[in-house]
Amino acid sequence: MPLHQDDLSAFIKRALEEDVGRGDITTEACVPPDRTGAGHIRAHASGILSGLEVARQVFLTWDPGLIVGLEKADGERVQAGDEVLTVSGRLASIMTAERVALNFLCHLSGVATLTARYVEAVEGKIRILDTRKTLPGFRRLQKQAVVHGGGTNHRERLDSAILIKDNHLAAAGGIDAAVRRTREAKPGERLILEVSNLEEANQAAALEVEHLLLDNMSPDEIREIVALLSRKSPRPFLEISGGVTLETIRPYAETGADAVSVGALTHSASVLDLGLDVDQL
């Protein structure tokens, strides 16, 4: 779900205030205030774009008189040298807003690009999900970037679904007690339960838990669980989680599970290299 426009505007204003401080003293010293020009953001590497609209709004928030054109679209693949955004008007305004616009665009495009690599690696055999391991304040933008990369959003907030993990199990007194207490306290809420072995998966299935999180298991262990639970109708939704990387994901994709959640999409993505050059008019 994208950020509401009011929330995005406030987020951009905070980012600009953080970067500009008492003023862009370098630009104020070097660039005449009435000088006009054009800026061109180009890709310096191949990848998937995300955050173009955010970058556009950064420039317009700083100076509503600027003219911004989007040459590409979010979710589109670019190659090194491709122009993705143009901005014209007061040269000083373009240069002051440049870094904040690029910070958003490079980071979010990095998330989209990494997501696309995971999606391409599994070739449609399993769904790629994101997690709540996001930068504070950036969650909706990062999750939107995951969608631009071909991934699927999953459990945006703590109130999106119940997820019983190992610490909850320890505090509640085990799987049976945790499931029972949850159903009594929150009837009707979607229930996801983390399990770590075949025995726990079988126990959860007997309790008719609808969604199992298969945590830190090998592909062979997951295949065994898939085979066992496929006898149930309906079979629980099976989500793989825990340390799956680009190098290891293919065997997991072929286990017959439904999805794999990858925290690295949002917490470890490298930026996509994009840069802005200006021309004096």
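Helices here are DSSP runs of H or I with at least four residues, numbered from the N terminus. With that in hand, welcome to some exercises on this predicted model.

**Exercise 1. Take stock of the chain.**
Find how many helices and strands the protein chain has, and what share of its residues counts as buried.

*Solution.*
- Step 1: The secondary structure adds up to 11 helices and 12 strands.
- Step 2: The chain has 281 residues, and 47% of them count as buried.
- Step 3: For the dimensions, take the principal axes: the C-alpha atoms fill a box of roughly 75 × 40 × 25 Å.
- Step 4: Now look at contacts with a separation of 6 or more; 73% of these join residues 24 or more positions apart.

**Exercise 2. Examine helix α5 and what follows.**
Work out which residues of α5 are buried, which helices they pack against, and what sign phi has at Gly150.

*Solution.*
- Step 1: Helix α5 covers residues 139–148, and its buried residues are Leu141, Gln142, Lys143, Ala145 and Val146.
- Step 2: These buried residues pack against α1 (5–20), α3, α4 and α11 (264–267).
- Step 3: After α5 comes Gly150, with a positive phi near 100 degrees.

**Exercise 3. Classify the α3–α4 packing.**
Decide how α3 and α4 are oriented to each other, and which hand their crossing has.

*Solution.*
- Step 1: The axes of α3 (residues 52–62) and α4 come within 9 Å, crossing at roughly 155 degrees.
- Step 2: Angles over 145 degrees count as roughly antiparallel, so α3 and α4 are roughly antiparallel to each other.
- Step 3: Their crossing is right-handed.
- Step 4: On the α3 side, the contact is made by Leu52, Val54, Ala55, Val58, Phe59 and Trp62; residues from α4 include Ile94, Ala97, Glu98 and Leu105.
- Step 5: Sorted by class, this contact of α3 with α4 has 12 nonpolar, 2 polar and 1 charged residues.

**Exercise 4. Do the same for α1 and α4.**
Find the angle at which the axes of α1 and α4 cross, and the class of arrangement it gives.

*Solution.*
- Step 1: The axes come within 10 Å and cross at roughly 125 degrees.
- Step 2: That angle makes α1 oblique to α4.
- Step 3: The crossing of α1 and α4 is right-handed.
- Step 4: Phe11, Ile12, Ala15, Leu16, Asp19 and Val20 of α1 meet Thr96, Arg99, Val100 and Phe104 of α4.
- Step 5: The residues of this α1–α4 contact divide into 7 nonpolar, 1 polar and 2 charged.

**Exercise 5. Follow one side chain, Thr113.**
Is Thr113 buried or exposed, and which backbone atoms lie by its side chain's polar atom?

*Solution.*
- Step 1: Thr113 sits in helix α4 (residues 91–122).
- Step 2: Buried means under 20% relative accessible area; Thr113 has 17%, so Thr113 is buried.
- Step 3: A polar atom of the Thr113 side chain lies 2.7 Å from the backbone oxygen of Ser109, and one lies 2.8 Å from the backbone nitrogen of Ile48.
- Step 4: Leaving out residues up to four places away in sequence, Thr113 touches Gly47, Ile48 and Leu272.

**Exercise 6. Span the sequence from Asp277.**
Find how far Asp277 and His40 are apart in sequence and in space.

*Solution.*
- Step 1: Asp277 belongs to strand β12 (residues 274–280).
- Step 2: Its relative accessibility is 44%, so Asp277 counts as partly exposed.
- Step 3: Asp277 and His40 are 237 residues apart in sequence but 5.4 Å apart in space, C-alpha to C-alpha.
- Step 4: Leaving out residues up to four places away in sequence, Asp277 touches Ala38, Gly39, His40 and Arg42.

Notes. Residues numbered from 1 in each chain as written. Predicted model: local features only at pLDDT ≥ 70, side-chain atom pairs only at ≥ 80, totals over all residues. Heavy atoms only, no water. Helix = DSSP H or I, 4+ residues; strand = E, 2+ residues; numbered from the N terminus. Buried < 20%, exposed > 50% of the residue type's maximum accessible area, 1.4 Å probe, protein only. Polar contact = N/O pair within 3.5 Å; in protein donor to acceptor, adjacent residues only side chain to side chain. Contact = heavy atoms within 4.5 Å. Axes fitted to C-alpha atoms, helices over the stretch in contact; angles between N-to-C directions. Parallel < 35°, antiparallel > 145°, perpendicular 65-115°, else oblique. Left-handed = near helix turned anticlockwise from the far one by under 90°. Nonpolar A, V, L, I, M, F, W, Y, C, P; charged D, E, K, R; others polar.
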